[in-house]
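Hi,

Here is the structure I said I would pass on. Have a look at it first, and my notes follow underneath.

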Amino acid sequence: MRIAFYTLGCKVNQYETELLSSLFHREGFDIVPFGDEADVYVVNSCTVTSTGDSKTRKVLRRIKREHPHSLAVLTGCFPQAFPDAAKQLPEADVITGSKDRYALAGAVRRALSTGERVVDIAPHSKDEAFERMSVSAFSERTRAFVKIEDGCERYCSYCIIPKARGFIRSKPLDALKQELSGLAENGYREAVLVGINLSSYGKDLGLRLADAVETACSVDGIERVRLGSLEPELLSDEEILRMSRQSKLCPQFHLALQSGCDETLKRMNRHYDTAEYRRIADRLRACFPGCAITTDIMVGFPGETDADFETSLSFVRSVGFARAHVFPYSIREGTRAASMDGQLDRTVKEERSRRMMKVAEESAASFLKAQVGQTVPVLFESKQEGLGFHGYTTNYSPVVVRTDEQLTGEIRPVLITEAAGGFCIGRILTG
């Protein structure tokens, strides 16, 4: 029996697809690329935006068009957040949500044996525990993603994720250490800790994110520990100081900003203002000299005036981000922002996106140029045609070196000689 997977969305979804792949492999299924012929196709969905829902529908239609006799499985955030809409998709033969991943193989077996449609979307509950998950390998990756937290209770006005992912649940420290030990034995040298609201790790266990960082850094064989996206206001000075004592922790922090305007942040129901955000960024830079601060920036949120946008633009310019993901607001049905007054025209949002991206690109170029002259360890990932071997520094600066060596998975010292085209260029130091 052959099975293929298609993943939409975040690093947590990618991790969970790897988990499902290993589960089905243990059940006797052969894992094949999504483009190959298979008996079962699994779509692990994302529902952050309505565009994600549209992509999910398109993939399901493609499966049934190209493989009409195969089983199409829909799982993940879309059916969890919008179960009624998911049930109305005729292409999906099996539909499950974002919990009880271990039950999916049984649902697929049942559909295959009976020919019946299986719909099993269990609601989240406050007493729900973190689902025990462990992945020992990742296809075509030199870095391992490790999910340590699920759920979100921030309720930003534009976001559907609390409905899709439920309440905060955290991976126990012993389970984290065991999983990382297995990954180290399989040759992984860098682990990225990820979660739906990573900064809230441990709220249900009486722990903090720093406890997870310290545990991860204690694992022999893991040489780098990196953090996924963070909610800034949940990083206290004490926690930043604790994490700064861990030499394995990579000095790169993705602090989700969303807007550099306080009035917009209030409408978004974000839980900080720009002054607090700047203080936290400054504190990280003081404790992690040379660290990269990366972020997400939304433009065109309902009610964002020209003056609000200019304020946001100025703030982004002043912070000096190493990298920023800029995107226009899009209506997400089921959220408070969808019915807010002051919805902006697409052309306005596109123009603001272009202007914000220009500032972000200038900031990123300045950060990369600041790396020139430094000697830094680089974890190499792959060879890129016409460029050379590609990898990342601890602060996640992309680096290319020209070499005939096979460097995938290797960490080597590199002297950065120039920065151009969105990456650093360097040469490997020997001896």
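How many of the residues of β9 are buried? Six of the six, so to speak a full house: β9 is mostly covered. Before I go on, please keep in mind that this is a predicted model.

**The four-stranded sheet**

β9 belongs to an open sheet of four strands, ordered β8-β7-β9-β10, and the pairing in that sheet is mixed. The edges are β8 (169-170) and β10, each of which pairs on one side only.

Let's stay with β9 for a moment. In a regular strand, side chains alternate between the two faces of the sheet. In β9, E190, V192 and V194 point one way, while A191, L193 and G195 point the other way, and all of them are buried.

On one side, β9 is joined to β7 (residues 143-150) by six bridges, and these two strands run parallel. If you want to find the register on screen, R143 stands opposite E190 in β9, and V146 stands opposite L193.

β9 (residues 190-195) also pairs with β10, again in the parallel sense, over four bridges. Here the bridge partner of A191 is V225 in β10. To get from β9 to β10 the chain passes through helix α8 (residues 209-217), and this β-α-β crossover is right-handed.

And what about β10 (residues 224-227), which of its faces are covered? Both are: R224 and R226 are buried on one side, and V225 and L227 are buried on the other. I would look at that strand with the edge position in mind, since β10 pairs on one side only. The two arginines, R224 and R226, are on the list of buried residues as well.

**The three-stranded sheet**

Further along the chain there is another open sheet, made of three strands in the order β11-β12-β13, with parallel pairing. Its edge strands are β11 (252-254) and β13 (323-328), and each pairs on one side only. Neighbouring strands in this sheet are turned by 15° against each other on average, if direction is ignored.

β12 (residues 292-299) and β13 run parallel and are joined by six bridges. For the register, take T294, which stands opposite R323 in β13.

While you are in this part of the model, click on L313, which sits in helix α12 (residues 306-319). Is L313 buried or exposed? Its relative accessibility is 3%, and because the cut-off for buried is under 20%, L313 counts as buried. Its C-alpha atom is separated by 9.8 Å from that of I297, and the two residues are 16 apart along the chain.

**Empty space**

Now for the holes. Rolling a probe the size of a water molecule over the atoms shows where empty space is left.

How many cavities of 30 Å³ or more does the structure hold? Just one, with about 40 Å³ of space in it. The residues lining this cavity are F34, G35, Y41, R62, I63, E66 and H67. Helix α2 (residues 50-66) gives the most to that lining, with three residues. Sorted by class, the lining has three nonpolar, two polar and two charged residues.

I also went through the second largest pocket, which holds about 500 Å³ of space. It is lined by 20 residues, and the closest to its centre are T17, E18, S21, F138 and S139. Which element supplies the largest share of the lining? That is α1, with six residues. Both β1 (2-7) and α1 (11-26) supply at least two residues of the lining. By class, the pocket lining splits into eight nonpolar, eight polar and four charged residues.

**Where to start**

If you only have a few minutes, I would begin at β9, with its six buried residues, and follow the chain through α8 into β10. After that, go to the cavity lined by residues including F34, Y41 and H67, and finish at the pocket, where T17 and F138 are among the residues closest to the centre.

Tell me what you make of it.

Cheers

Definitions and conventions: Residues are numbered from 1 along each chain as its sequence is written. This is a predicted model: local features need pLDDT of at least 70, side-chain atom pairs count only at pLDDT 80 or more; totals for chains, interfaces and linings use all residues. Side-chain values use heavy atoms; hydrogens and water are left out. On a 1 Å grid over the protein atoms alone, a cavity is a set of points where a 1.4 Å probe fits but cannot get out, and a pocket is an open set with protein on both sides within 12 Å along at least five of seven lines; lining residues have an atom within 4 Å of a point. Grid points are joined across faces, edges and corners, and a volume is the space filled by probe spheres set on the points. Ala, Val, Leu, Ile, Met, Phe, Trp, Tyr, Cys and Pro count as nonpolar, Asp, Glu, Lys and Arg as charged, and the others, Gly among them, as polar. Buried means under 20% relative accessible area, exposed over 50%, partly exposed in between (1.4 Å probe, protein chains only). Two strands pair if DSSP finds at least two bridges between them. A crossover is right-handed if, with the strands pointing away from the viewer, the path from the first strand over the helix to the second runs clockwise. Axes are lines fitted to C-alpha atoms, for helices over the stretch in contact, and angles run from 0 to 180 degrees between N-to-C directions.
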